[in-house]
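Please open the model in your viewer and keep the selection tool at hand, since this tour goes from one selection to the next.

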Amino acid sequence: MANSLRGEVLNLYKNLLHLGREYPKGADYFRSRLKAAFLKNKDVKDPEKIKELIARGEFVIKELEALYFLRKYRALKQRYYSDDNQ
């Protein structure tokens, strides 16, 4: 049980690191905040609490993906639609 949770935590960390490369404030800023968040919870031993933290991390992943999608959408909208109509 503990090994599977450890693997999930490591995968979560890797996924967040990968997504953090495009963070608006910079990859270094994101990496330092991510590391601090994971170190803050490194002593958690309760499997239920670990699952809750993993679920929170997955929520953050979804929010980051939405942020990046919205940024790309806005960039495309600026390229293809002019503001002359307003």
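**The pocket and its lining**

In this predicted model, begin with the lining of the largest pocket, which by class has 22 nonpolar, two polar and six charged residues. The space in this pocket comes to about 970 Å³. To centre the view, select Val9, Leu12, Ala37, Phe38 and Asn41, which are the closest to the pocket centre of the 30 residues that line it. Then colour helix H1 (2-19), helix H2 (27-40) and helix H3 (47-80), each of which supplies at least two residues of that lining.

**Aromatic pairs**

Next, show the aromatic side chains; a search of the whole structure finds three aromatic pairs. One of them joins Tyr13 and Phe38, whose rings meet edge-to-face at 4.8 Å centre to centre, with 80° between the planes. Because Tyr13 belongs to helix H1 and Phe38 to helix H2, this pair ties together parts that are 25 residues apart in sequence. Tyr13 is partly exposed, with a relative accessible area of 23%, and Phe38 is also partly exposed, at 25%.

Now select Tyr23 and Phe30, whose ring centres are 5.2 Å apart with the planes at 45°, so the pair is tilted. Which of the two is buried, and which is partly exposed? Phe30 is buried, with a relative accessible area of 10%, whereas Tyr23 counts as partly exposed at 24%. Add Tyr29 to the selection, and you have the cluster in which ring pairs link Tyr23, Tyr29 and Phe30.

**Salt bridges**

Turn then to the charged side chains, among which the count comes to two salt bridges. In one, the side chains of Glu22 and Arg71 meet at 3.5 Å, N to O. This pair links distant parts of the chain, with Glu22 in the loop between H1 and H2 and Arg71 in helix H3, 49 residues apart. Glu22 is partly exposed, with a relative accessible area of 40%, and Arg71 is partly exposed as well, at 36%.

For the other, select Asp28 and Arg31, where the closest N and O atoms are 2.9 Å apart. Both residues lie in helix H2, three residues apart, or about one turn of the helix. Here Asp28 is exposed, with a relative accessible area of 57%, while Arg31 is partly exposed at 40%.

**The annotated stretch**

Finally, select residues 8-61, where UniProt, in an unreviewed entry, places the feature "domain: Complex 1 LYR protein". Over these residues the chain is 76% helix and 0% strand, and the end C-alpha atoms are 14 Å apart.

Definitions and conventions: Residues numbered from 1 in each chain as written. Predicted model: local features only at pLDDT ≥ 70, side-chain atom pairs only at ≥ 80, totals over all residues. Heavy atoms only, no water. 1 Å grid on protein atoms, 1.4 Å probe; cavity = no way out; pocket = protein on both sides within 12 Å on 5 of 7 lines; lining within 4 Å. Points joined across faces, edges and corners; volume = space filled by probe spheres on them. Helix = DSSP H or I, 4+ residues; strand = E, 2+ residues; numbered from the N terminus. Nonpolar A, V, L, I, M, F, W, Y, C, P; charged D, E, K, R; others polar. Phe/Tyr/Trp six-rings, centres within 6.5 Å; stacked < 30°, edge-to-face > 60°. Buried < 20%, exposed > 50% of the residue type's maximum accessible area, 1.4 Å probe, protein only. UniProt positions renumbered as here; feature names shortened; annotations may be inferred. Salt bridge = Lys/Arg side-chain N within 4 Å of Asp/Glu carboxyl O.
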